[in-house]
Amino acid sequence: MVALIALTVLACLLGSFLTCEVAGRVFFFVWVCGMFLVMCGFFTMVPTFAYRLFGSQHFNANLGLLYTQGIIGSLMSTLLAPVLKNLLGWHGMFYFSFGAVFVGLLLNMSLDIPCGNTIPQHMYRDLALLQR
């Protein structure tokens with residue numbers, strides 16, 4: 001449920017981001033801060049998502065793969081951004097970003113994950129022992 005709210009807020013912020021051209025610097029500052037706050041929230045939710053989706057077996061490997069995806073996605077977007085900007089233009093890039101977040105929102109709504117299934121406390125203890 002938290003991810004749905006975060007994705008909805010991010011989609012709304014991205015969808016209305018082009019109005020910053022007209023509204024001015026203060027509006028731009030508020031929108032950028034809002035988007036980064038929402039995106040930072042996803043990093044705190046990833047361990048719970050990994051546990052809910054994949055379970056406790058191979059938790060560390062699954063969590064590592066989820067965070068590695070962020071690295072690969074960042075590298076790919078760095079390489080694709082100039083190409084997409086030439087094809088779509090600046091406004092098209094914002095619409096493309098909004099579309100990607102909206103697809104993520106739809107995919108998240110299609111997942112059937114029980115809400116009460118959080119990471120048990122013993123896993124935090126076990127993970128802390130592994131780091132020593």
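Helices (H or I, at least four residues) are taken here as DSSP runs, numbered from the N terminus, and histidine 91 is found in one of them, helix H4. The structure is a predicted model, in which local features need pLDDT of at least 70 and side-chain atom pairs count only at pLDDT 80 or more, while totals for chains, interfaces and linings use all residues. Residues are numbered from 1 along each chain as its sequence is written, and side-chain values use heavy atoms, with hydrogens and water left out.

Helix H1 covers residues 2-15, and at 1.5 Å a residue its 14 residues should span 20 Å, which agrees with the 20 Å that separates its end C-alpha atoms; the expected span is 1.5 Å times one less than the number of residues. The buried residues of H1 (buried means under 20% relative accessible area, exposed over 50%, and partly exposed in between, with a 1.4 Å probe and protein chains only) are Ala3, Ala6, Leu7, Leu10, Ala11, Leu13 and Leu14. Seen down the axis of H1, these buried residues fall within an arc of 165°, so they line one face of the helix, the arc being that of the directions from the helix axis to the C-beta atoms. An α-helix has 3.6 residues a turn, so residues three or four places apart point the same way. The face of H1 turned away from its buried side carries the exposed residues Ile5 and Cys12.

Among the elements that cover the buried residues of H1 are helix H3 (25-54) and helix H4 (59-110), where contact means heavy atoms within 4.5 Å. H1 and H4 pack at an angle of about 160°, with their axes 9 Å apart; axes are lines fitted to C-alpha atoms, for helices over the stretch in contact, and angles run from 0 to 180 degrees between N-to-C directions. The two helices H1 and H4 are therefore roughly antiparallel to each other, a term that applies to angles over 145 degrees. In this packing, residues of H1 including Leu7, Leu10 and Leu14 take part, and the residues of H4 that they help to meet include Phe98, Val101 and Leu105.

The axes of H3 and H4 come within 10 Å and cross at roughly 130°. That makes H3 oblique to H4, oblique being the term for angles that are not under 35, over 145 or 65 to 115 degrees.

Histidine 91 itself is partly exposed, with a relative accessible area of 38%. Leaving aside its neighbours within four places in sequence, histidine 91 is in contact with Leu18 and Glu21.
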